[in-house]
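Reader: I have a structure in front of me and would like to go through how its parts fit together. Where should we begin?

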Amino acid sequence: MKLKRKEGLEWRKLDNYAKLFPLASTKKYKTVFRISVVLKDKIDKEILEKAVNTSLNKFRFFKVRMRKGIFWYYFENNFKNPIIEEENDYPCRFIDLPLNNDYLFKVTYFDCKINLDIFHCLTDGNSATHFLKEITYNYIEMKYLNNVSTTLTKEREVKYTTEDIYTKNYDKKIKAKRESKKAYNLKGRLLPPGVVSVTHEFMSSSKVREIAKSKNATITQFLTAHLIYAIHEEGVKKDKSKREIIIQVPVNLKKYFLSATGSNSFSYIDIKIDTNKYFEFEDILEEVKKQFEEKLTEKELLKTIAVNLRLSNNFILKLVPLFLKKVVVSITHREFRKYNTTTLSNIGRVGIISEYKPYIDKFLLLIAPESVEKIKCTICAYEDNMVFSFASVIEEKDVEYKLKSNLENQGIEVQIEGNEV
């Protein structure tokens, strides 16, 4: 999607999936995620500011602000500098755009850690990871490396477009509909508004891969099954619920449809387990593997794209003024969220150019939880360090500790840490 000219400013439409995020977003439902990098030395704020601004020269599509049109929001060039602050709040907070120089991302730091919080309408986890990597590379160069070879610079060359991968692959002839069966909803005592409990579970990537391979499963299948089993043991069984556990697993569409877009390029599959039928881990794992194989196909992903775009492409909704759209979409999304127990996003292994590795300890990923999906889960890995993270708005940590216990029972050592909420 090419930038268009308006009164001397460049502007562009939001991609078709992103259109819905600002309409559905509220201070309670934030649609914000965070990716962090932990370095081995304390962060220098001045160098970090320079690194962020240098990185924006390459990632121009991040240097925007969101404006209101009559019918939809749109992006316009942002000529201000982003605000860099020391972290002093909980992660994945609602980004107050006027207080953030209108940027749709926020960079904070604490001790050795750099955080990148992103409003999901701007981009997805894949492109956000590349942006944070570029910030990290520039920071390391400015602080530790005097000269950077041409080879290193070429290795970091990234060519992005703002192509709308959804519109490009949308087929209105595809007949598909969204499931309307409500999922099991996690129970617990809610934390005070704005408070987010964070739990990181660290384990060896190679060990997880070894155990998963012994069960003919991928890492994502293996850990999805363990998450479902933990929710069953600490939730469904205790509540005597008859509802299915439904895990929404985001999928990187770039792997299935050739695209160099920096805009949102994800879809998802829903893994649904009737725990009245499958209640042992091995049975759950076999069903999870089966559903992954059935749903991770181009045909099925095209169906999901068709379902997701049906709302934003609705002819009547297109003609509705923006302020009324926000009411309609907010209500609709609130209802849709009842069809998931939780989300589990795996961005996989974060690859880093070898020259920069000595300065980096680990990467972390979090997604904002909310009142319906009270816990959101993520997986990311760097070198042999895999992190399964929980962001939660409930006091209880039963699911977190059950997952740890179950993994250790299968021979995977798990170290746990959190923000002590």
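Author: Contact here means heavy atoms within 4.5 Å. The model is predicted.

Reader: Which residues of H3 does H2 meet?

Author: Helix H2 covers residues 45–58 and helix H3 covers residues 125–144. On the H2 side, the residues include Ile47, Leu48, Ala51, Val52 and Ser55. Their partners in H3 are Phe131, Glu134, Ile135, Asn138, Tyr139, Met142 and Lys143.

Reader: How many residues of each class are in the contact of H2 with H3?

Author: Among the H2 residues in the contact are Leu56, Thr54 and Lys58. Leu counts as nonpolar, Lys as charged, and Thr falls with the polar ones. Sorted this way, the contact of H2 with H3 has 9 nonpolar, 3 polar and 4 charged residues.

Reader: Is H2 oblique or roughly parallel to H3?

Author: The two helices pack with their axes 8 Å apart, at an angle of about 130 degrees. An angle counts as roughly parallel under 35 degrees and as roughly antiparallel over 145, while 65 to 115 is roughly perpendicular. The angle of about 130 degrees therefore makes H2 to H3 oblique.

Reader: Is the crossing of H7 and H8 left-handed or right-handed?

Author: Helix H7 (residues 219–239) and helix H8 (residues 281–295) have axes that come within 9 Å and cross at roughly 130 degrees. That angle makes H7 oblique to H8. The crossing of H7 and H8 is right-handed.

Reader: What classes do the residues of the contact of H7 with H8 divide into?

Author: From H7 the contact takes residues including Phe222, Ala225, Ile228 and Tyr229, and from H8 residues including Phe281, Leu285 and Phe292. The division is 9 nonpolar, 4 polar and 1 charged.

Reader: Which residues of H7 does H6 meet?

Author: Helix H6 (residues 205–214) and H7 have axes that come within 9 Å and cross at roughly 85 degrees. That makes H6 roughly perpendicular to H7. Val208, Arg209, Ile211 and Ala212 of H6 meet three named partners in H7: Ile219, Phe222 and Leu223.

Reader: Which residues lie nearest the centre of the second largest pocket?

Author: About 800 Å³ of space lies in this pocket. Strand S6 (84–86) and strand S7 (105–110) each supply at least two residues of the lining, which divides into 13 nonpolar, 5 polar and 13 charged residues. Of the 31 residues that line the pocket, those nearest its centre are Lys27, Lys30, Arg93, Phe94 and Gly194.

Terms used:
Residues are numbered from 1 along each chain as its sequence is written. This is a predicted model: local features need pLDDT of at least 70, side-chain atom pairs count only at pLDDT 80 or more; totals for chains, interfaces and linings use all residues. Side-chain values use heavy atoms; hydrogens and water are left out. Axes are lines fitted to C-alpha atoms, for helices over the stretch in contact, and angles run from 0 to 180 degrees between N-to-C directions. Helices (H or I, at least four residues) and strands (E, at least two) are DSSP runs, numbered from the N terminus. On a 1 Å grid over the protein atoms alone, a cavity is a set of points where a 1.4 Å probe fits but cannot get out, and a pocket is an open set with protein on both sides within 12 Å along at least five of seven lines; lining residues have an atom within 4 Å of a point. Grid points are joined across faces, edges and corners, and a volume is the space filled by probe spheres set on the points. A crossing is left-handed if the near helix is turned anticlockwise from the far one by less than a right angle, and right-handed if clockwise.
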